[in-house]
Amino acid sequence: MTVQTKPPAPASATDDWAFAKFGIGQPVPRTEDPVLVQGQGRYTDDLQLPGQAHAVVVRSTHAHGVIRGIDTAAARAMPGVLGIYTAADLAAYGTLKCGVPLKNRDGSEMKKPLRPALAGDKVRFVGDPVAIVVAETLLQAKDAAEAVGVTIDPLPAVTLASAAAKPGAPQLFEDVPGNVALDYHYGDSEKVAAAFAQAAHVTKLSMRNTRLIVAAMEPRSAVGVYDKAREHWTLHSASQGVFGLKGQLVDILKAPPEKVRILTGHVGGSFGMKATVYPEYVGILHASRMLGRPVKWTDDRSGSFVSDHHGRDHEVTGELALDKDGHFLAVRLTSFANMGAFLATVGPLAGTLNAVKNVASVYRTPLLEVSAKCMFTNTTHVSAYRGAGRPEGNYYMERLIDAAATEMGLDRLALRRKNHIRPSQIPYSASSGMTYDSGDFPAIFKEAIDKADIKGFAARKRDSRKRGKLRGLGIGCYLEVTAPPNKEMGGIRFEPNGDVTIITGTLDYGQGHAAPFAQVLSAQLGIPFHRIRLLQGDSDELIAGGGTGGSRSITASGAAIVEASAKVIEQGKAIASHVLEASASDIEFDKGRFVIAGTDRAIGIMELAEKIRGGLQLPAGEPQSLDVKHASESVPSAFPNGCHVAEVEIDPDTGVVEVVTYSSVNDFGNLINPLLVEGQVHGGVLQGIGQALMENVCYDSDGQILSGSFMDYAMPRAHHAPPIGFVSHPVPAKTNPLGTKGCGEAGCAGALTSVMNAIVDALSVYGIRHIDMPASPARVWTAIQAAKQGAA
Amino acid sequence: MKPAPFAYAKARSVEDAIALLAQHGEGAKLLAGGQSLIATLNMRLSAPRILIDLNGIAGLNSITLKGGEVEIGAMTRHAEIERSDVIRKHAPLIAMAMPHIAHPAIRNRGTIGGSIAFADPAAELPACLLALGGLVEIAGPKGKRTVKADDYFKGLYETAIGACDMLTGIRLPAAPAASRYGFAELSRRHGDYAVAGLAASATFASGKLTKVRLAFFGVDLTPVRAKAAEMALAGGDLDKAVAALASDLDPPDDIQENGAVKKHLAGVLLRRVVQQLTETRA
Ligand SMILES: Cc1cc2nc3c(=O)[nH]c(=O)nc-3n(C[C@H](O)[C@H](O)[C@H](O)COP(=O)(O)OP(=O)(O)OC[C@H]3O[C@@H](n4cnc5c(N)ncnc54)[C@H](O)[C@@H]3O)c2cc1C
């Protein structure tokens with residue numbers, strides 16, 4: 001199943017009108033919506049293949065233990081049961097792998113314990129899959145799954161990363177002493193230590209970046225199909241890009257690449273979570289091979305809470321060294337990053353490399369050191385979640401700055417201004433090793449301060465006070481380093497029916513790629529917007545693809561489309577030269593037409609495509625079509641940045657926090673489609689407010705998840721969203737042809753920092769200098785009481 | 001379907017339901033609005049052998065004013081109560097509580113009988129019943145009986161309803177002229193079960209509160225009366241009443257709050273509710 005998205009044709013349209021309405025920079029509505037809101041989307045679970053059987057996964061109910069036996073006899077005898085598979089059945093396949101190439105601080109390799117799809121010897125978290133039951137119907141599979149008897153000798157469990165590092169902590173793997181997967185280090189310790197020694201002031205904060213569930217609206221789902229005659233595997237599954245997923249699956253199945261195909265339909269949210277191969281996919285593919293039938297598996301929500309990877313979960317000590325005037329000298333993070341029970345594909349990245357890249361943000365910070373211990377614990381694995389280390393890094397810095405301002409008696413606005421990298425210093429070589437190509441941080445800051453009417457804050461605070469509320473204002477500057485360079489496909493295909501298909505290796509999982517990508521192509525080639533469709537989810541169509549993630553799609557796919565368009569033009573000139581009977585070198589391309597220079601003789605690109613379809617005879621050795629399969633070589637990371645300002649009101653009697661105002665000024669470079677960009681910011685901000693105020697995965701001391709349903713795990717609702725002010729202040733990126741910077745993750749970065757800083761600002765009347773997320777009523781109230789008692 | 005397999009019987013009358021209960025014993029569960037029951041079935045936290053559906057029984061979804069009492073049939077939906085003029089006029093405390101119960105979709109199906117029978121310690125209606133000193137009508141193999149609210153709640157999810165009994169309705173004293181009601185709750189998000197809540201009734205005349213009944217919810221295994229605080233309020237001393245909560249209540253910790261915080265929040269709620277009880281009416 002693949003989804004091709006094509007916008008509806010406008011009622012009547014001249015091309016000029018279409019250009020104005022669908023050009024780059026226009027707020028074109030999402031073309032997916034008419035399909036999706038009418039319930040005509042094709043999500044993986046909508047697929048019903050002939051002969052399809054259903055799988056249910058048996059999961060460990062213990063957080064840690066030795067498997068003594070799996071008794072499947074009773075379950076096998078139940079009605080409809082077709083097969084039950086355990087680790088032994090999957091022994092021939094490869095294991096799930098972590099793709100992060102980092103080394104320990106002593107240069108040795110990080111520990112990457114093998115992770116087979118099903119647990120064989122030990123279970124290591126609640127939800128660890130131990131068996132797959134396949135039956136004729138879903139209900140039969142469910143009933144049989146309950147009849148599978150798994151005997152486990154429980155072992156003590158550990159769920160907090162810092163606790164896993166303590167002597168005597170339960171050990172997850174025999175060959176991973178102390179549960180340390182990776183002992184990461186970046187920076188020059190001696191120089192950093194010297195800077196701290198010389199500093200006039202050092203600010204130090206311990207911060208916990210909460211563990212979150214990803215909570216995609218669509219649970220994970222997959223259908224595995226093995227074709228015995230062709231020895232060929234097909235996996236229908238949600239993903240964030242089929243090219244990378246295929247690479248992982250080829251490795252696990254030990255199959256030749258041409259024998260594996262991945263198809264992704266519509267995807268209902270992912271946030272980093274659906275990017276990789278999960279154990280269930282291996283299980284159903286094996287089952288399909290054994291049974292000769294397609295096998296479908298769809299998670300239920302209780303399953304999602306433990307089987308989808310989690311996000312964040314870092315315990316960090318942050319330190320900022322300043323000179324007497326408040327100039328930053330160095331920043332140092334020393335942290336534990338919780339990996340869960342095994343390493344996810346990019347699990348270790350957030351707490352290590354991405355912390356390094358993002359912590360210094362928009363500030364001159366000559367020295368930087370990050371030490372991070374990536375720890376195994378008896379919890380669900382942790383991996384990329386909207387930002388994957390970017391919002392975390394920005395959060396630590398912005399909290400440290402506010403704390404430093406308070407401690408040094410400096411104005412927090414002035415302190416930020418003093419340390420902003422100036423436009424004249426750009427290109428700027430940051431202590432992270434990144435070179436910022438563009439940006440105007442002081443101007444954005446000023447605009448954000450003005451937009452938020454900070455001058456009027458004192459009056460608003462008095463008004464809140466009259467109503468018995470504490471009011472606080474928080475600032476959250478951010479700068480994010482988007483995904484590292486990766487080959488990306490820009491395919492352009494002229495279809496028999498006259499449509500033009502864009503093929504990309506990025507994948508829309510809710511963002512709405514179709515409209516902005518079509519806007520880019522339309523601008524390059526003058527192809528009418530409503531003739532353009534988008535194809536992403538078929539690995540057979542792709543020659544490259546980094547997938548969607550790290551806010552990279554418009555930049556990477558945009559560049560690939562621009563480059564591919566140039567190739568289309570080259571091919572078109574050659575072909576048009578035969579139609580127009582002129583030399584190719586005399587032909588120019590202008591607004592969708594191939595023109596003989598200096599004449600009015602021309603042919604439009606759509607007309608040329610029509611002629612080719614009609615059987616135009618072209619000399620051998622010359623381009624035979626306009627179609628292009630292009631792989632763009634690695635567009636570098638961009639540096640989206642901005643400043644968000646939030647105001648909160650706190651009820652001191654109950655600890656209830658409400659975000660009452662929110663504004664933001666953002667530099668995402670050029671906006672291809674401002675409507676969708678603003679939507680990304682809205683979503684990201686509310687997701688950030690969710691983390692700041694309420695979301696939190698809790699485990700008990702046995703490693704049982706306490707927040708295992710939406711009754712216990714609080715998600716933000718519509719009424720938690722304040723009106724979110726959005727201003728674009730573009731400073732185009734210089735490193736990609738469209739000058740875009742990426743906007744997908746910025747909302748979280750701005751919201752975590754501005755909301756938490758606002759809460760601490762409101763609570764500063766009690767002398768409170770830090771409070772951890774989530775700022776739940778209980779935590780806020782308890783902090784107030786503790787501060788009052790401390791003062792008394 | 002998500003739950004484990006179960007048999008299903010549609011009761012045609014109260015007697016029929018009780019006969020079915022007697023026949024199937026422990027493995028049977030009554031199905032009212034299903035808003036609590038079906039969730040536990042779907043998550044396979046419980047697996048009754050048979051569901052006895054009460055939705056086909058006629059005459060259990062009425063709201064009537066009779067002899068100074070408001071009678072509400074067990075199968076009356078939350079949404080019907082929310083829209084009822086009789087409730088607004090004669091049982092205003094229930095009307096005040098209604099918007100706090102879950103969300104509109106759940107209120108369309110959920111029943112008052114289900115809420116009172118289920119007796120979730122953080123639920124609104126059981127506390128209202130207690131604050132109003134209402135009566136619970138129970139039918140069982142030996143016939144019908146009436147239980148006072150003060151005697152009805154026994155423990156966590158445990159009530160005076162026996163294994164083969166069914167709740168058929170509740171009766172509340174219709175609001176007299178000088179009566180006052182107060183309701184407040186703190187929940188993580190609007191519509192969630194309460195972290196702590198208070199339903200109160202009293203008489204207010206010449207600046208004095210009398211006949212005070214305070215029913216806290218979300219702070220113990222059942223809704224609880226705060227009797228020392230009631231006495232203090234009748235004596236006109238709000239501060240003393242708040243202080244008395246220290247002995248009236250002993251909230252256990254739960255996933256959201258620790259007991260000490262809940263105790264404090266109970267005091268905050270009491271001040272807010274007393275304000276409602278004593279404010280001059282427009
Ligand atoms: C997301 C969500 C949020 C909710 N939030 C709240 C909230 O904030 N406050 C709140 O009070 N409730 C809340 N509820 C619960 C809701 O109010 C339920 O409707 C109510 O608790 C049970 O009523 P019901 O008719 O659905 O009963 P059912 O779910 O059908 O039954 C519940 C239990 O009571 C028994 N039972 C039902 N009727 C009778 C009877 N007549 N005699 C004897 N036993 C009977 C059943 O056998 C079962 O054990 C929420 C529910 C959901 C799903």
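Reader: Where in chain A is the place of A:D313, and in which strand?
Author: Happy to help! This is a predicted model, in which local features need pLDDT of at least 70, side-chain atom pairs count only at pLDDT 80 or more, and totals for chains, interfaces and linings use all residues. Residues are numbered from 1 along each chain as its sequence is written, while chains are lettered from A and ligands numbered from 1 in the order in which they are written. Helices (H or I, at least four residues) and strands (E, at least two) are DSSP runs numbered from the N terminus, and A:D313 belongs to residues 310–322 of chain A, strand β14.

Reader: Is A:D313 buried or exposed?
Author: A:D313 is not a glycine, yet its phi is positive, at about 70°. A residue is buried if 20 or more other C-beta atoms lie within 10 Å of its own, exposed if 12 or fewer and partly exposed in between, with C-beta atoms placed from the backbone. A:D313 has 28 other C-beta atoms within 10 Å, so this residue is buried.

Reader: And why does B:A102 count as buried?
Author: B:A102, in the loop between α5 (92–97) and α6 (104–109) of chain B, also has a positive phi, near 50°. B:A102 counts as buried because of its C-beta neighbours inside 10 Å, which number 20.

Reader: Which proline follows A:M773 in a cis peptide bond, and where is that proline found?
Author: The bond after A:M773 is cis, with omega about -10°, and leads to A:P774. A:P774 is found in the loop between α19 (746–763) and α20 (777–791) of chain A.

Reader: Which residue of β13(A) is the bridge partner of A:H54?
Author: Two strands pair if DSSP finds at least two bridges between them. Strand β10 (residues 221–227) of chain A pairs with β13(A) in the antiparallel sense over four bridges, and there A:V223 stands opposite A:K296. Strand β2 (residues 53–59) of chain A pairs with strand β13 (residues 295–298) in the parallel sense over two bridges. In β13(A), the partner of A:H54 is A:K296.

Reader: Which element gives the most to the side of chain A that touches chain B?
Author: Two residues are in contact if their C-beta atoms, placed from the backbone, lie within 7 Å. The contact takes 16 residues from chain A and 15 residues from chain B. On the side of chain A, α4 (138–147) and α20 give two or more residues. With three residues, the element that gives the most is α20(A).

Reader: Which element of chain A helps to cover the buried residues of α12(B)?
Author: Helix α12 (residues 259–278) of chain B has 20 residues and reaches 29 Å from first to last C-alpha, close to the expected 28 Å (1.5 Å times one less than its number of residues). Its buried residues include B:V261, B:L265 and B:V273. The cover includes, among other elements, α10 (227–234) and α11 (238–248) of chain B and, from chain A, α20.

Reader: Which element gives the most to the shell around the ligand?
Author: A residue is near a molecule or strand if its C-beta atom, placed from the backbone, lies within 6 Å of it. In this model, 32 residues surround the ligand, and among the closest are B:G33, B:Q35 and B:G110. Elements that each supply at least two residues include β2 (28–31) and α8 (124–132) of chain B. Giving five residues, the one that gives the most is α7(B).
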